[in-house]
Amino acid sequence: LDTLRHSTSHVLAQAVLGLWPGATFAIGPSIADGFYYDFSLPDGATFSEDDLERIEGRMREIVKADQPFIRSELGPDDARVLMAQHPYKREIIDRVTSGDASGMEAEADGGNSVSFYRNTDEFVDMCVGPHVPSTGRLGHFKLMKVAGAYWRGDEHQPMLQRIYGTAWA
């Protein structure tokens, strides 16, 4: 169930980044009853509850496309280049590869490589995995609400937009 929920969070990120050009993403773990993903939208924009239906529609298109989750690994320098437009991902790479990975174990492995999962040529996310084999294995999900969340739970860090959802087998 955790794998299914986390895989669904990747589809959420893929949908949001496709619908909001210039958006960036932070983390998207599974949680007790579902998942969430944190985003920063361009020009200080925020999500509204009305956006959830549109995002879900795009997610259903991604699920229907049955895109494979393909794992790969890159060295830290290449990983930083791949995530050049995503400052939160770069921070994770920097901290994990410098040995300062406290609290980031689920986001990236330490050491000489960083793992990624790619669904399409356009979408790739940094992640230790695992994931379901393809997006077609998903489908029973619902986006629940929008909230604000400080990066790393620190009020001195930027406020991100969090979308919560639930997913079931």
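## Exercises: a three-stranded sheet and a pocket

In this predicted model, three bridges join S5 (residues 114-118) to S6, and the two strands run antiparallel. Let's work outwards from there.

**Exercise 1.** Find the bridge partner of Tyr 117 in S6.

*Solution.* Start from the antiparallel S5 and S6. Look across to S6: the partner of Tyr 117 is Asp 125.

**Exercise 2.** Work out the strand order of the open sheet, and explain why S4 and S6 each have one side without a neighbour in it.

*Solution.* First, line up the three strands: the order is S4-S5-S6, with antiparallel pairing. Next, count partners: S4 (70-74) and S6 (124-126) sit at the edges with a single partner strand each, so one side of each has no neighbour in the sheet. Now check the twist: neighbouring strands are turned by 30° against each other on average, ignoring direction. Finally, see what packs on the sheet: helix H4 (residues 87-97) does, touching S5 and S6. The direction of H4 makes about 40° with that of S6.

**Exercise 3.** Describe the second largest pocket: how much space lies in it, and which residues are closest to its centre?

*Solution.* Begin with volume: the second largest pocket holds about 230 Å³ of space. Then turn to the lining, which has 15 residues; Gln 14, Leu 17, Glu 122, Phe 123 and Val 124 are the closest to the centre. Sort the lining by class, and you get six nonpolar, five polar and four charged residues. Last, ask which element gives the largest share of this lining. That's helix H1 (residues 2-19), with three residues.

Notes. Residues numbered from 1 in each chain as written. Predicted model: local features only at pLDDT ≥ 70, side-chain atom pairs only at ≥ 80, totals over all residues. Heavy atoms only, no water. Pairing = 2+ DSSP bridges. Helix = DSSP H or I, 4+ residues; strand = E, 2+ residues; numbered from the N terminus. Axes fitted to C-alpha atoms, helices over the stretch in contact; angles between N-to-C directions. Contact = heavy atoms within 4.5 Å. 1 Å grid on protein atoms, 1.4 Å probe; cavity = no way out; pocket = protein on both sides within 12 Å on 5 of 7 lines; lining within 4 Å. Points joined across faces, edges and corners; volume = space filled by probe spheres on them. Nonpolar A, V, L, I, M, F, W, Y, C, P; charged D, E, K, R; others polar.
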